[in-house]
Amino acid sequence: MSRITENLPPTNEGYGTQEYWEQRYTNEGPTVSFDWFLSPEYLLPFIEQTLREAGMGKEARILMLGCGNSSLSEVMYDDGYRDVVNVDYSKAVIEQMKERHKSRVGMEWLEMDVLELQFEEEFDLVIDKGTMDAMLTTKGDPWNPPEKDIKTCTQEITEAIRVMRKRPSSRFLYFTFGQPHFRERYMQDRPNWTLSHKEVGPPEGFAYFMYTLAYTP
Ligand SMILES: C[S@@+](CC[C@H](N)C(=O)[O-])C[C@H]1O[C@@H](n2cnc3c(N)ncnc32)[C@H](O)[C@@H]1O
């Protein structure tokens, strides 16, 4: 089996289980870094622009949901963001990332379920890159996802906005391949949060999207 196929779940639904991720990160070991889509360097300007337009900068307190072994947080930290908290429900990946980034003082790595965040109202920016996507892998009609998936994704957003400061500068960002019809339903109609989205490229090939929730008192 090749390096790539040995880490694939037997069915797509495997991506929705904690066991799959734990096994995958254990197999990959401490040195692998993998971004599911769009490189951190490509995404950085979109994050910067979002914060700038919100009147925020690198002082923002940031939460990364389902960090995996992506290098997004590391690239952000090295670009000057110092207050970055990373959570994932895989114990293996959190231990690996904590060890790998121990010289990046101030960056936190915590084993945590994004459906039950253990924070108060403390973040200026919460980012999901591909994490909700991993919760939408149940077989069936994507136009009518099962109740279970709707509940899970809705709960993720409820938790994300719960832990954000209730200030006009607060933002939730979700990067995904999921088109608006399939994703907006989980974010829309949130009192005091304004939803928007835009295509973020890349210039050629498959289109990716950035969804934004902006606090609107
Ligand atoms: C598709 S990967 C994306 C990883 C990374 N954000 C990236 O862009 O490369 C999904 C990640 O979300 C994590 N995850 C999925 N469901 C989660 C949950 N309920 N709580 C915490 N982490 C979760 C998985 O362990 C995995 O690391």
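Two residues are in contact here if their C-beta atoms, placed from the backbone, lie within 7 Å. Keep that in mind for the core stop of this tour. The model on your screen is a predicted one.

**Stop 1: strand 1**

Select residues 62-65, which form strand 1. In a regular strand the side chains alternate between the two faces of the sheet. Here Ile62 and Met64 lie on one side, Leu63 and Leu65 on the other, and all of them are buried.

Now add residues 84-88, strand 2, which pairs with strand 1 in the parallel sense over four bridges. To see one of the pairings, pick Leu63, whose bridge partner in strand 2 is Val85. Then follow the chain from strand 1 through helix 4 (residues 72-78) to strand 2: this β-α-β crossover is right-handed.

**Stop 2: strand 4**

Next, show residues 125-129, strand 4, which is also joined to strand 1 by four bridges in the parallel sense. Label Met64 and its bridge partner Ile127 in strand 4, then Ile62, which stands opposite Leu125.

How many residues of strand 4 are buried? Five of the five are, so strand 4 is largely enclosed by the rest of the structure. Turn on the side chains and you will find Leu125, Ile127 and Lys129 pointing one way, while Val126 and Asp128 point the other way.

Extend the selection to strand 5 (residues 171-176), which runs parallel to strand 4 and is joined to it by five bridges. Phe172 in strand 5 is the bridge partner of Val126.

**Stop 3: the nonpolar core**

Stay with Val126. Which residues touch the most other members of the largest nonpolar core? They are Ile62 and Val126, in a core of 50 residues. Leaving aside neighbours within four places in sequence, Val126 is in contact with Leu63, Leu65, Ala160, Val163, Met164 and Phe172. Leu63 and Leu65 are familiar from one side of strand 1, and Phe172 from the pairing with strand 5.

**Stop 4: helix 5 and helix 3**

Move to helix 5, residues 91-100, and colour Ala92, Val93, Ile94, Gln96 and Met97, which are buried. Their cover includes helix 2 (18-28), strand 2 and strand 3 (108-111).

For a contrast, go to Glu48 in helix 3 (residues 40-53). Glu48 counts as partly exposed because it has 17 C-beta neighbours inside 10 Å. Draw a distance from its C-alpha atom to that of Met76 and you should read 9.7 Å, although the two residues are 28 apart along the chain.

**Stop 5: around the ligand**

Select the ligand and its surroundings: 20 residues, the closest being Trp21, Gly66, Gly68, Ser70 and Tyr89. Colour this shell by class and you get nine nonpolar, six polar and five charged residues. Which element gives the most to the shell? Helix 6 (residues 131-134) does, with three residues.

**Stop 6: backbone details**

Most residues other than glycine have a negative phi, and most peptide bonds are trans. Three places in the loops are worth a look with that in mind.

- Leu38, in the loop between helix 2 and helix 3, has a positive phi of about 50 degrees. Leu38 counts as buried because it has 21 C-beta neighbours inside 10 Å.
- Asn192, in the loop between helix 8 (180-187) and strand 6, has a phi near 70 degrees. With 12 C-beta neighbours inside 10 Å, Asn192 counts as exposed.
- Pro202, in the loop between strand 6 (193-201) and strand 7 (208-215), follows a cis peptide bond from Gly201, with omega near 5 degrees.

How values were computed: Residues numbered from 1 in each chain as written. Predicted model: local features only at pLDDT ≥ 70, side-chain atom pairs only at ≥ 80, totals over all residues. Buried ≥ 20, exposed ≤ 12 C-beta atoms within 10 Å, placed from the backbone. Helix = DSSP H or I, 4+ residues; strand = E, 2+ residues; numbered from the N terminus. Pairing = 2+ DSSP bridges. Right-handed = clockwise from strand over helix to strand, strands pointing away. Near = placed C-beta within 6 Å. Nonpolar A, V, L, I, M, F, W, Y, C, P; charged D, E, K, R; others polar. Core = buried A, V, L, I, M, F, W, Y, C linked by C-beta atoms within 7 Å.
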